[in-house]
Amino acid sequence: MDAARVDQRNWQLPLTPGGAEGDAVRRVLELLESEHRRPAALPLEVHIDVVRHLLAVLVLRLAHLHGAQAGDEAGSEPFRRFQQAVERDFARTHRVEDYARQLGYSVRTLTRATREAAGCGAKRFIDDRVLLEAKRLLVHTDRAATAIGDRLGFPDATVFTKFFRQRAGETPTAFRTRARGS
């Protein structure tokens, strides 16, 4: 239950596509579902690419639709600037204070803006991005957990492993083994 966050309040209204845009989203979703159900119709590599590209089309259409419904406001200016800074610097610093200083905002302003736009505090937003990248690297590369922790700005392997275990509920090695089905 905790991992799925089903007991947490939804901070954003659900996206409900309508009209011509909704029809386009439904057509892409139907095609994606159809392709996903027929993995043997194509060589595996081609099937994966087709599903990946259709999923990208769906995400782009939904992102565009979300922007249109939100008046093209993806959060406040402080949140947008914070989000861009985190994307650029998450491997360099994990401290809200560093982002606040760099952007000229208080920690409280960034936390409030992030909570309003993303439904979580600024520190959790940073940690979620770091964890996502750690998981991506663990699954898609053969780098050692120590090298991944170093790349993500952790001072040593112990600190990275502690961070990962607290947020993912398992060690980086256990996650990699489970995710790869080994």
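1. Start with confidence, since this is a predicted model. The mean pLDDT of the chain is 85, with 84% of residues reaching 70 or more. Residues 1–11 are the part to read with caution: the pLDDT there is below 50, and beyond near neighbours in sequence the stretch has 8 contacts in the model. Among the elements, helix 4 (residues 96–103) has the highest mean pLDDT, 97, while helix 2 (residues 44–69) has the lowest, 77.

2. Next, the overall layout. There are 9 helices and 0 strands, so reading along the sequence gives you α-α-α-α-α-α-α-α-α. The chain has 182 residues, and buried ones make up 32% of them. Take the contacts with a separation of 6 or more: 55% of them join residues 24 or more positions apart. On the outside, the chain exposes about 11,800 Å², and carbon and sulfur atoms supply 54% of that area.

3. Now look inside. In soluble globular proteins, nonpolar side chains tend to be buried together. Here the largest nonpolar core has 29 residues, and the members touching the most other members are Phe 82, Tyr 99, Leu 152 and Phe 160. Helix 3, helix 4, helix 5 (107–118), helix 6, helix 7 and helix 8 each supply at least two residues of this core. Helix 6 gives the largest share, with 8 residues. A second core of 6 residues sits separately, and Val 25, Val 28, Leu 54 and Leu 58 are included in it.

4. Phe 160 deserves a closer look. Leaving out residues up to four places away in sequence, Phe 160 touches Ala 134, Ala 145, Ile 148, Gly 149, Leu 152, Phe 154 and Pro 172. One of these, Leu 152, is also named among the best-connected members of the largest core.

5. What about the aromatic rings? A search of the whole structure turns up 7 aromatic pairs. In one of them, Phe 79 and Phe 125 have ring centres 5.5 Å apart and planes at 75°, which makes the pair edge-to-face because the angle is over 60 degrees. Phe 79 belongs to helix 3 (residues 77–89) and Phe 125 to helix 6, so this pair ties together parts that lie 46 residues apart in sequence. Phe 79 and Phe 125 are both buried.

6. A second pair stays within one helix. Phe 160 and Phe 164 form a tilted pair, 6.0 Å from centre to centre with 55° between the planes. Both residues lie in helix 8 (residues 157–168), 4 residues apart, or about one turn of the helix. In general, an α-helix has 3.6 residues a turn, so residues three or four places apart point the same way. Phe 160 and Phe 164 are both buried too. Ring pairs also link Phe 154, Phe 160, Phe 163, Phe 164 and Phe 175 into a cluster.

7. Which residues of helix 9 (residues 172–180) are buried? They are Pro 172, Phe 175 and Arg 176. Looking down the axis of helix 9, you find its buried residues within an arc of 100°, so they line one face of the helix. These buried residues pack against helix 6, helix 7 (145–151) and helix 8. Turn to the face away from the buried side and you meet the exposed residues Thr 173 and Arg 178. After helix 9 comes Gly 181, which has a positive phi, near 70°.

8. Is Arg 129 buried or exposed? Its relative accessibility is 16%, so Arg 129 counts as buried, the cut-off being under 20%. Arg 129 is found in helix 6 (residues 122–140). Setting aside residues up to four places away in sequence, Arg 129 touches Val 86, Glu 87 and Phe 90.

9. Last, a residue that falls between those two classes. Ala 168, in helix 8, has 25% relative accessibility and therefore counts as partly exposed. Apart from neighbours within four places in sequence, Ala 168 is in contact with Leu 131 and Lys 135. Ala 168 and Leu 131 are 37 residues apart along the chain, and their C-alpha atoms are separated by 7.9 Å.

Definitions and conventions: Residues are numbered from 1 along each chain as its sequence is written. This is a predicted model: local features need pLDDT of at least 70, side-chain atom pairs count only at pLDDT 80 or more; totals for chains, interfaces and linings use all residues. Side-chain values use heavy atoms; hydrogens and water are left out. Buried means under 20% relative accessible area, exposed over 50%, partly exposed in between (1.4 Å probe, protein chains only). Contact means heavy atoms within 4.5 Å. pLDDT is the predictor's confidence in each residue, from 0 to 100. Rings of Phe, Tyr and Trp (its six-membered ring) pair if their centres lie within 6.5 Å; planes under 30 degrees apart count as stacked, over 60 as edge-to-face and the rest as tilted. Accessible areas come from the Shrake-Rupley method with a 1.4 Å probe; for residues, only the protein chains shown count as cover. The arc is that of the directions from the helix axis to the C-beta atoms. A nonpolar core is a set of buried Ala, Val, Leu, Ile, Met, Phe, Trp, Tyr and Cys residues joined through side-chain atoms within 4.5 Å.
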